[in-house]
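Dear colleague,

I am passing on the structure below for your files. My notes on it follow.

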Amino acid sequence: MELTFDEKRILGGEDGDVLRKSMELLIAIGEAFDAPRMIDVNSVHITSVALNTLREAGKGLIEKIANSGARFKVFTTVNPLATDYTQWEVLGISKEELLKQLEVVDTMRKTGAILCHTCTPYLVGNIPRFGEHIAWGEASAVIFANSVLGARTNPEGGPSGLASALTGRTPLYGLHLEENRVGQFIIRVNTALREPTEYGALVLFGGRVHKELIPVFVNLPQGINWDALKMMSAILHSVSSAKMFHAVGITPEAKTEEQALGGKKAVDVIDFGKKELEKAIQSLDQATKADVDLVYLGCPHCSINEIREIVKEVNGRKVNSNVSLWVSTSLPVKALADRMGFSEVIEQAGGKIISETCPVLFTNQTIRNLGFQSLTTNSADMAFVFPMVHGLKAHFGRLGQCINAAVSGTWE
Ligand code: F3S
């Protein structure tokens, strides 16, 4: 790789051992992918800060970085934790794990990370420009940044994200390059989609057809909102290795079908109608028991608009005494929900807003401590990932259906 004077200086150890090792790692990645050089990044999002994904080795690594005096050079946000530390006792985590998790939080604070602890950094101030090169982890956010914002990032793992945060560099390859961002197959949408859940089902269907190709969605409505695009981004990473999608007339690199395909011919054109929509939803609704015990909304973390929609559904109703209703979001969005009185409505119904965490990041033991037998959700991503991680089945359906289940205690 061709290195600048400054990069050679870092590699020579002039800025310390931690930066030297970071540069070595980025060069090794760059060489593995034939990157000709490094590029500057001004935005990093670090994945794997929850205890069970970080593990002792990762915790040791970030402590070493912080204790060396090295600090993040660029604006860096961080992913969710293994618990909501304001409600840890009711979320099944032990005090010992909590204290370890808080040590990680402290370490990240020392290194200069912005402690937003969310998978939706773009909702809390980490908002890259169109065309900007960034280094983000957290696959759902990576796909949102590439597809919806038009920023450019490869999916960074924990160590490479840390290295980019410390050096402000990332190797130039993959989705940083125009030619790797073109759509490859078309999904024509022939049915009305009414809520984020249904958009999630659309991507579930499309991603399963061609698991390695970038999809181009055609006929999505102009009125599609960020919540739907957020839901689409989350499920794509679970069912496909593609790290972006296009939606013609909606996402910024797809003003036309031709632009989305980079002037090439689509390798396939598939149709998505009402039948495919219902089939996709049913395919993830795998739990066999009708009893519901955990209804989880907020994967990816809820926007304030999604919480407003939930409040409309729960207002004046009571969650069944056998059911936990959790609405998951980031701390800033929760603060707004508190101010709007949304949190109070949810609490009065018997639910709770949890922040800065996600049940996928809980340990299996934590889930066992809580005694849940299944999970019910309106997120295709959560319905897909939670059973794989925790070995429990999920019910998947529209928001109204999930809230009805929370109230009745039964999935219909
Ligand atoms: Fe976020 Fe957890 Fe879903 S990290 S994208 S809420 S699986």
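Is Val-323 buried or exposed? The model is a predicted one, and in it Val-323 has a relative accessibility of 8%, so this residue counts as buried; the cut-off for buried is under 20%. Val-323 sits in the loop that links helix H11 (304-314) to strand E11 (324-329). Apart from its neighbours within four places in sequence, Val-323 is in contact with Val-292, Asp-293, Val-295, Ala-405, Ala-406 and Gly-409. Ile-134 is elsewhere: 189 residues separate Ile-134 and Val-323 in sequence, and their C-alpha atoms are 41 Å apart.

Strand E11 is mostly covered, with five of its six residues buried. E11 runs parallel to strand E10 (294-302), and five bridges join the two. Within this pair, Leu-297 stands opposite Val-327 in E11.

E10 also comes up in connection with helix H5 (residues 139-149). All of H5 is covered in the sense that 11 of its 11 residues are buried. Among them are Ala-139, Val-142, Ile-143, Phe-144 and Leu-149, and also the polar Ser-140, Asn-146 and Ser-147. The cover over the buried residues of H5 includes strand E4 (135-136), helix H8 and strand E10. Just after H5, Gly-150 has a positive phi of about 75 degrees.

Next, the second sheet-and-helix region.

An open sheet of four strands has the order E8-E7-E6-E9, and its pairing is parallel. Strand E8 (246-247) and strand E9 are at the edges with a single partner strand each, so one side of each has no neighbour in the sheet. E9 (residues 269-272) is joined to strand E6 (residues 185-189) by four bridges, and the two run parallel. Two of the bridge partners in E9 are Ile-270, which pairs with Ile-187, and Phe-272, which pairs with Val-189.

How do the side chains of E9 point, and which of them are buried? They alternate: Ile-270 and Phe-272 point to one face and are buried, whereas Val-269 and Asp-271 point to the other face and are not. In a regular strand, side chains alternate between the two faces of the sheet.

Helix H7 lies across E6, strand E7 (215-218) and E9, and runs at about 150 degrees to E9. H7 (residues 196-209) also meets helix H8 (residues 226-239): their axes come within 8 Å and cross at roughly 30 degrees. The two helices are therefore roughly parallel to each other, the cut-off for that being under 35 degrees. H7 passes H8 in a right-handed crossing.

On the H7 side, the residues in this contact include Tyr-199, Leu-202, Val-203 and Arg-208; on the H8 side they include Asp-227, Met-231, Ile-235 and Val-239. By type, the residues of the contact divide into 11 nonpolar, three polar and two charged.

To recap the links: H8 meets H7 and is also part of the cover over H5, while E10 is part of that cover and pairs with E11.

Regards

Notes: Residues are numbered from 1 along each chain as its sequence is written. This is a predicted model: local features need pLDDT of at least 70, side-chain atom pairs count only at pLDDT 80 or more; totals for chains, interfaces and linings use all residues. Side-chain values use heavy atoms; hydrogens and water are left out. Buried means under 20% relative accessible area, exposed over 50%, partly exposed in between (1.4 Å probe, protein chains only). Contact means heavy atoms within 4.5 Å. Axes are lines fitted to C-alpha atoms, for helices over the stretch in contact, and angles run from 0 to 180 degrees between N-to-C directions. Angles under 35 degrees count as roughly parallel, over 145 as roughly antiparallel, 65 to 115 as roughly perpendicular and the rest as oblique. A crossing is left-handed if the near helix is turned anticlockwise from the far one by less than a right angle, and right-handed if clockwise. Two strands pair if DSSP finds at least two bridges between them.
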